[in-house]
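Biologist: Could you take one part of this protein and look at it closely for me, and then set it against the rest of the chain? I would like one connected account, with the confidence of the model kept in view.

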Amino acid sequence: MTVAAGALVAAVAAALAWAELRRNRPLRAARAVAAVLAAASIAGLVLATTQPRGPSRARVAVIVTRGARPDAVRRLADSAGAAVSVLPDAGDPRRFGPGAIRAANLRSFLQGAPAIEQLIIAGWGLGDAALASVGDRALAFAPEPTPSGVGSIRWTGTVPRGGELAVRGATTGLAPGSIIVLDGPAGSRDSARVGRDSTFALSLRPRTEGRFDYLLRAAGVAETLGVAVTPARRTAVLLLEDAPSFESRYIDEWIRRTGGSLAARTRISRDRFRTRFVGRDPIDVASLTRERLDSFDVALVDTRTLSALARADRTALRAAVRDGLGLVVMAKDGPIPDDVLPGDLGVRAGPARERRVSWNGATGGTAVALAPFRLATGPLAEALVADSSGESVAAWEPEGAGAILLTL
């Protein structure tokens, strides 16, 4: 019973009592008051049992997310005696029953409904951030089948200008070969076909700094991906290689594209070396000292070159890593000096082979040649790249303030 209804009942009872008392009928006045109060109690009980329960008093709530069907939500709420909270992307709250309310987000709804002990999530579900606000409340799910399109997405939320915005994920209900498109600002676009394993991989290189919304389109549905493009990262790279390689050409291109710098030394015969510099003044890289290494962020060294370095050079390299240098060791052939690699990284004998590789769960379409080893790792090492059989082919381990990566 509302405050207004209670006041009205009290006024009626007082008026009847006054009328009977003026007629000098105190007993009838008492009976009249009792009758009015009894009727009011019955009316209040009826109102209390028939009015919808507000979210502040209900113990169960149905949280309506995108994809929920109104008839299913109404049945859930009726059977559970639950409050209904409709999140913004689920549509008009009026579709889900007269007692449904709109909530800006799950956290704000729960703050206004402290009595809620159980949540029933209806529809396509909640993200990790929303689920974190559930606390120790009981959870139940009433999922709806997801439509054909993108089932899961992973993307780089912060990208330096000129760096790679990588978007990878998996689809549901789309046939292999279906087209999926990534649209960016200023007309930038990438497209790909869905793989046989329902996965996809797309990428763009942002050219302008700022915050942008990219659109991922599949099966007529668009998903919005927020991306922050930061100032270009100027990475200083030292490359030491035992022979000219096909891959080093791409390092030069990446350095020029990202505005970094490169100092490279390549053996071209037994006692002859060629040096080249991109984005920086020439320096002496015939030997390694701490002072020279301090001007680099990353050093890329193959195992043949590493083994041929003087012990003093390897000592300087290991000390620079502990102070923050990143060291990438490219396994080729020959032993790897123990005074450079940490104990959890190493290689053992294995066959030379070609394999498709997966980076962060996304599998490339082209097989690459792998060195004739198998990667040996310990509990401190973390796999970064795996081949198509799931075997790690690149792993890294922190070393002081820096890190060492070993790759096949």
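Modeller: Asp 183 counts as buried, because its relative accessible area is 13% and the cut-off for that class is under 20%. This is a predicted model, and in it Asp 183 belongs to strand 9, which covers residues 179–183. The side chain of Asp 183 is joined to that of Arg 217 by a polar contact of 2.8 Å. Leaving aside residues up to four places away in sequence, Asp 183 touches Ser 188, Arg 189, Tyr 214, Leu 215 and Arg 217, so that Arg 217 appears both among the residues touched by Asp 183 and as its partner in the polar contact, given that a pair of N or O atoms has to lie within 3.5 Å to be counted.

A second buried residue, Ala 58, is found in a loop rather than in a strand, namely the loop that runs between helix 2 (26–50) and strand 1 (60–64). Ala 58 is buried because its relative accessible area is 0%, where the class requires a value under 20%. Ala 58 and Glu 117 are separated by 59 residues in sequence, while their C-alpha atoms are 8.6 Å apart in space.

Elsewhere, two arginines lie over aromatic faces: Arg 249 over that of Tyr 250, at 4.7 Å from the ring centre, and Arg 265 over that of Phe 273, at 4.9 Å from the ring centre. As for rings paired with one another, the count of aromatic pairs is zero under a rule that asks for ring centres within 6.5 Å.

For the protein as a whole, the secondary structure comes to nine helices and 27 strands, and 38% of the 408 residues count as buried. Among contacts between residues at least 6 apart in sequence, 54% join residues at least 24 apart. The exposed area is about 22100 Å², of which carbon and sulfur atoms supply 55%.

Confidence should be read alongside these values: the mean pLDDT of the protein is 82, and 83% of its residues reach 70 or more. Over residues 1–5 the pLDDT is below 50, and this stretch has four contacts in the model beyond near neighbours in sequence. The pLDDT is also below 50 over residues 32–53, a stretch with 16 contacts in the model beyond near neighbours in sequence.

Conventions. Residues are numbered from 1 along each chain as its sequence is written. This is a predicted model: local features need pLDDT of at least 70, side-chain atom pairs count only at pLDDT 80 or more; totals for chains, interfaces and linings use all residues. Side-chain values use heavy atoms; hydrogens and water are left out. Rings of Phe, Tyr and Trp (its six-membered ring) pair if their centres lie within 6.5 Å; planes under 30 degrees apart count as stacked, over 60 as edge-to-face and the rest as tilted. A charge sits over a ring if NZ of Lys or CZ of Arg is within 6 Å of the ring centre and within 35 degrees of the ring normal. Helices (H or I, at least four residues) and strands (E, at least two) are DSSP runs, numbered from the N terminus. Buried means under 20% relative accessible area, exposed over 50%, partly exposed in between (1.4 Å probe, protein chains only). A polar contact is a pair of N or O atoms within 3.5 Å; within protein, one must be able to donate a hydrogen and the other to accept it, and residues adjacent in sequence count only if both atoms are side-chain atoms. Contact means heavy atoms within 4.5 Å. Accessible areas come from the Shrake-Rupley method with a 1.4 Å probe; for residues, only the protein chains shown count as cover. pLDDT is the predictor's confidence in each residue, from 0 to 100.
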